[in-house]
Amino acid sequence: MEFNELIRERFSCRSLSDRDIPHEALDRIFEAARLAPTAVNKQPFKIWAVESPEARTKLAETTSYTFGAGVFLVVGGKNEDAWVRQYDGRNFADVDAAIVATHIMLAIHNEGLRSTWVGHFDAPKLKETFPQMADYDLIAIFPIGYPTEKGIPSPRHPQRKAAVEIVEVL
Ligand SMILES: Cc1cc2nc3c(=O)[nH]c(=O)nc-3n(C[C@H](O)[C@H](O)[C@H](O)COP(=O)(O)O)c2cc1C
């Protein structure tokens, strides 16, 4: 899909079917994540694909924002592996992970699949459930699926600030 069309069309879809997702589509989403830029190319992130019914049930105990999805991607950044800016000690793991997550969000839509970036989840509980995630700052869960008829943009979706409010020319 053409980029401008993609970013105009994308919206947070909160009603998904658990119809099977082709593995080739997931592979292309992972490739979009892999190609994301990160500070000093440190790539201090990891993605967990939560697919089995058992794992999905456990994940659903940490958030109510599951939307009926058949697959979930969890994105985390690892502070120990990230670039740190020397002037103020700022660690870029969360920025890197957010860029990866944005690639994932757009790639999902490009596949004709739908999702919502979910930040509202019990991260400590998720780490307890999946010890593989323990060393990561978990920034996003993407419930993924095909949209149901109810999967339409929310009233909040079109509410965007005007360019003059967000851009200041100096
Ligand atoms: C970092 C982040 C966290 C979010 N967390 C949630 C969430 O936990 N639950 C939810 O329903 N939507 C969540 N959203 C979706 C936003 O509410 C949504 O992107 C925003 O309202 C704009 O709507 P749109 O995505 O349809 O354009 C999140 C989005 C971002 C970027």
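1. Let's start with Q43. This residue counts as partly exposed, because 17 C-beta neighbours fall inside 10 Å. Keep in mind while you look around that the structure is a predicted model. Q43 is found in the loop between α2 and β2. Its backbone deserves a glance too: Q43 has a positive phi of about 50°, although it is not a glycine.

2. Now look at N41, which also lies in the loop between α2 and β2 (45–50). Is N41 buried or exposed? It counts as exposed, because it has 8 C-beta neighbours inside 10 Å, and the cut-off for that label is 12 or fewer. N41 is not a glycine, yet it has a positive phi, of about 55°.

3. Follow the chain into strand β2, where you will find F45. With 26 C-beta neighbours inside 10 Å, F45 counts as buried; the label needs 20 or more. Which residues does F45 touch, once its neighbours within four places in sequence are left aside? The contacts are V75, G76, G77, K78, D96, A97 and V100. Take G76 as one of these: F45 and G76 are 31 residues apart in sequence, while their C-alpha atoms are 5.6 Å apart in space.

4. Next comes a pair of helices. Helix α2 covers residues 23–34 and helix α4 covers residues 93–110, and the two pack with their axes 8 Å apart, at an angle of about 150°. The pair therefore counts as roughly antiparallel, since the cut-off for that description is an angle over 145 degrees. The crossing of α2 and α4 is right-handed. On the α2 side, R28, I29, A32 and A33 make the contact, and on the α4 side the partners are V100, H103, I104, A107 and I108. What kinds of residue are these? The contact of α2 with α4 is made of seven nonpolar residues, one polar and one charged. You have met V100 already, as a contact of F45.

5. Two other residues of that helix contact come back when you turn to F142, which lies in strand β6 (residues 137–144). F142 is in contact with I104 and I108, and also with F72, L73, M105, S115 and W117, if its neighbours within four places in sequence are left aside. F142 is buried, because 23 other C-beta atoms lie within 10 Å. For a pair separated in space, try F142 and S154: they are twelve residues apart in sequence, and 17 Å lies between their C-alpha atoms.

6. F72 is a useful link to the next residue, L59, because F72 appears among the contacts of L59 as well, together with V50 and L126, again leaving aside neighbours within four places in sequence. L59 sits in helix α3 (residues 53–60). Is L59 buried or exposed? It is buried, as 22 other C-beta atoms lie within 10 Å. Another pair to find on screen is L59 and D122: 63 residues apart along the chain, they have C-alpha atoms separated by 9.5 Å.

7. Just along the chain from D122 is A123, in helix α5 (residues 123–129). A123 counts as partly exposed, because it has 18 C-beta neighbours inside 10 Å. You can also pair A123 with A134, eleven residues along the chain, and find 9.4 Å between the C-alpha atoms.

8. Finally, have a look around the ligand. Which residues come nearest to it? Of the 13 residues around the ligand, the nearest are F11, S12, G119, H120 and H157. The shell as a whole divides into five nonpolar residues, six polar and two charged. It is worth setting this beside the contact of α2 with α4, with its seven nonpolar residues, one polar and one charged.

How values were computed. Residues numbered from 1 in each chain as written. Predicted model: local features only at pLDDT ≥ 70, side-chain atom pairs only at ≥ 80, totals over all residues. Near = placed C-beta within 6 Å. Nonpolar A, V, L, I, M, F, W, Y, C, P; charged D, E, K, R; others polar. Axes fitted to C-alpha atoms, helices over the stretch in contact; angles between N-to-C directions. Helix = DSSP H or I, 4+ residues; strand = E, 2+ residues; numbered from the N terminus. Parallel < 35°, antiparallel > 145°, perpendicular 65-115°, else oblique. Left-handed = near helix turned anticlockwise from the far one by under 90°. Contact = placed C-beta atoms within 7 Å.
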